[in-house]
Amino acid sequence: MDPVSTDRTMRHTPNAPIAFLKGHGTENDFVIVPDPDNDLDLPARAVAALCDRRAGVGGDGLLRVVRSAAHPEARAMAGEAEWFMDYRNSDGSVAEMCGNGVRVFARYLQRAGHVEAGDLAVATRAGVKRVHLAKGTGPEGAATEDGDITVHMGRAVLPDDEVTVTVDGRDRPARHVSMGNPHAVTFVDDLAQAGDLLSAPPVAPASVYPDGVNVEFVVDRGPRHVAMRVHERGSGETRSCGTGACAVAVATARRDGQDPARTGLPVTYTVDLPGGRLLITERPDGGVEMTGPAVIVAEGHIDPAWLAAAR
């Protein structure tokens with residue numbers, strides 16, 4: 001048994017109330033569970049119960065806030081990032097990364113007094129992400145904690161795989177994009193052509209995405225302006241997907257003949273999602289930046305007896 005597991009057994013108090021918060025980024029919503037010392041045991045069933053919109057708190061996913069040094073998956077990043085975002089999909093499955101989740105995670109750290117406006121590093125399963133929290137401006141120029149948050153999402157990878165997405169019996173060509181997690185981006189004439197997105201659209205060949213894939217459907221709204229819908233693996237259709245918006249912007253740029261690595265100039269796309277708007281910039285060095293809002297809307301305590309039963 002590793003030291004963290006031993007400490008968890010020693011420190012965890014079954015009847016102690018468990019704090020949680022609720023937040024969202026462009027209506028991609030999350031249950032936030034502060035657990036700085038990695039004390040809590042949150043198996044997939046418990047996460048799914050917390051994310052249940054009728055019987056639980058409700059959310060597209062769960063963000064567990066852990067100090068990097070206390071988590072075995074993040075210890076190697078502790079020198080760069082004090083905090084690790086342990087992200088789970090709403091079905092309890094583990095995911096590498098969530099762009100909207102990183103913004104909400106950073107907003108929680110700011111609200112809790114762990115960080116102030118400015119630059120921040122967050123450890124994720126897709127590596128360390130650089131974040132900038134802009135200062136909001138209130139009455140008479142007073143600083144507030146509601147400024148937009150920019151996340152340096154890393155480089156997009158565009159493999160040469162030929163991929164298709166099937167909707168209503170029709171195969172559509174898609175672009176394979178990785179933002180630390182996998183995406184299949186396809187362009188349509190009308191977002192209604194995506195169907196209900198309650199279940200994952202079939203993607204072929206399946207071997208390209210052995211662990212599942214996020215599927216984005218995209219329409220044009222104007223110059224460097226698109227709108228999208230998304231099926232997130234493990235969650236279904238969500239109101240927003242940050243990594244998906246990044247994948248869409250990069251795929252659209254290539255479709256439009258835009259490649260900052262060749263031109264030496266950054267390119268920015270406005271991406272509209274059902275839950276709001278994100279600005280995505282791809283830079284000549286390949287880095288992708290996402291800018292948008294993040295809001296904490298509520299906080300409370302989870303009934304430990306209910307959580308024990310959910311486990």
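**Entry 1: the first strands**

I began with strand β1 (residues 18–25), which is joined to β2 by five bridges, the two strands running antiparallel. I note here that the model is a predicted one. I looked up one contact across this pairing and found that L21 has I32 in β2 as its bridge partner. I then checked the turn of the hairpin of β1 and β2, where two residues stand between the strands. T26 in this hairpin has a positive phi near 45°.

Next I followed β2 to its other pairing. Strand β3 (residues 61–67) pairs with β2 in the parallel sense, over five bridges. I32 turns up again here, with L63 as its bridge partner in β3. I traced how the chain gets from β2 to β3 and found that it passes through helix α2 (residues 44–51). I recorded this β-α-β crossover as right-handed.

Is β2 enclosed or open? I found six of its seven residues buried, so β2 is largely enclosed by the rest of the structure.

**Entry 2: aromatic rings**

I searched the whole structure for aromatic pairs and found one. The rings are those of F30 and Y87; their centres are 6.0 Å apart and their planes stand at 75°, so I entered the pair as edge-to-face. The cut-off behind that label is a plane angle over 60 degrees.

I then looked up where the two residues sit. F30 belongs to strand β2 (residues 28–34) and Y87 to strand β4 (residues 83–89), so the pair ties together parts that are 57 residues apart in sequence. I also checked the accessibility of each residue. F30 has 0% relative accessibility and counts as buried. Y87 has 2% and also counts as buried.

I noted one charge over a ring as well: R255 lies over the face of F187, at 4.7 Å from the ring centre.

**Entry 3: cysteines**

How many disulfides does a search of the whole structure find? I got zero. I wanted to know why C51 has no bond. The closest cysteine sulfur to that of C51 is in C98, and at 11 Å it is too far for a bond. C51 is buried, with 5% relative accessibility.

I looked at C241 next, and C241 is in no disulfide either. Its nearest cysteine sulfur is that of C98, 6.4 Å away. The limit for a disulfide is 2.5 Å between the sulfur atoms. C241 has 3% relative accessibility, so I counted C241 as buried.

**Entry 4: helix α4**

I checked the length of helix α4 (residues 242–255). At 1.5 Å a residue, its 14 residues should span 20 Å, and the end C-alpha atoms are 20 Å apart, so the two values agree.

I found α4 mostly covered, with twelve of its 14 residues buried. Among them are G242, C246, V248 and T252. After α4 comes G257, which has a positive phi near 80°.

**Entry 5: the later strands**

I moved on to strand β12 (residues 182–187), which runs parallel to strand β14 (residues 214–222) and is joined to it by five bridges. In this region V185 stands opposite E216 in β14.

β14 also pairs with strand β15 (residues 225–232), here running antiparallel, with seven bridges. I looked up G222 and found H225 in β15 as its bridge partner. The hairpin of β14 and β15 has two residues between the strands, and R224 in the hairpin takes a positive phi near 50°.

Notes: Residues are numbered from 1 along each chain as its sequence is written. This is a predicted model: local features need pLDDT of at least 70, side-chain atom pairs count only at pLDDT 80 or more; totals for chains, interfaces and linings use all residues. Side-chain values use heavy atoms; hydrogens and water are left out. Rings of Phe, Tyr and Trp (its six-membered ring) pair if their centres lie within 6.5 Å; planes under 30 degrees apart count as stacked, over 60 as edge-to-face and the rest as tilted. Helices (H or I, at least four residues) and strands (E, at least two) are DSSP runs, numbered from the N terminus. Buried means under 20% relative accessible area, exposed over 50%, partly exposed in between (1.4 Å probe, protein chains only). A charge sits over a ring if NZ of Lys or CZ of Arg is within 6 Å of the ring centre and within 35 degrees of the ring normal. The expected span of a helix is 1.5 Å times one less than its number of residues. Two strands pair if DSSP finds at least two bridges between them. A crossover is right-handed if, with the strands pointing away from the viewer, the path from the first strand over the helix to the second runs clockwise.
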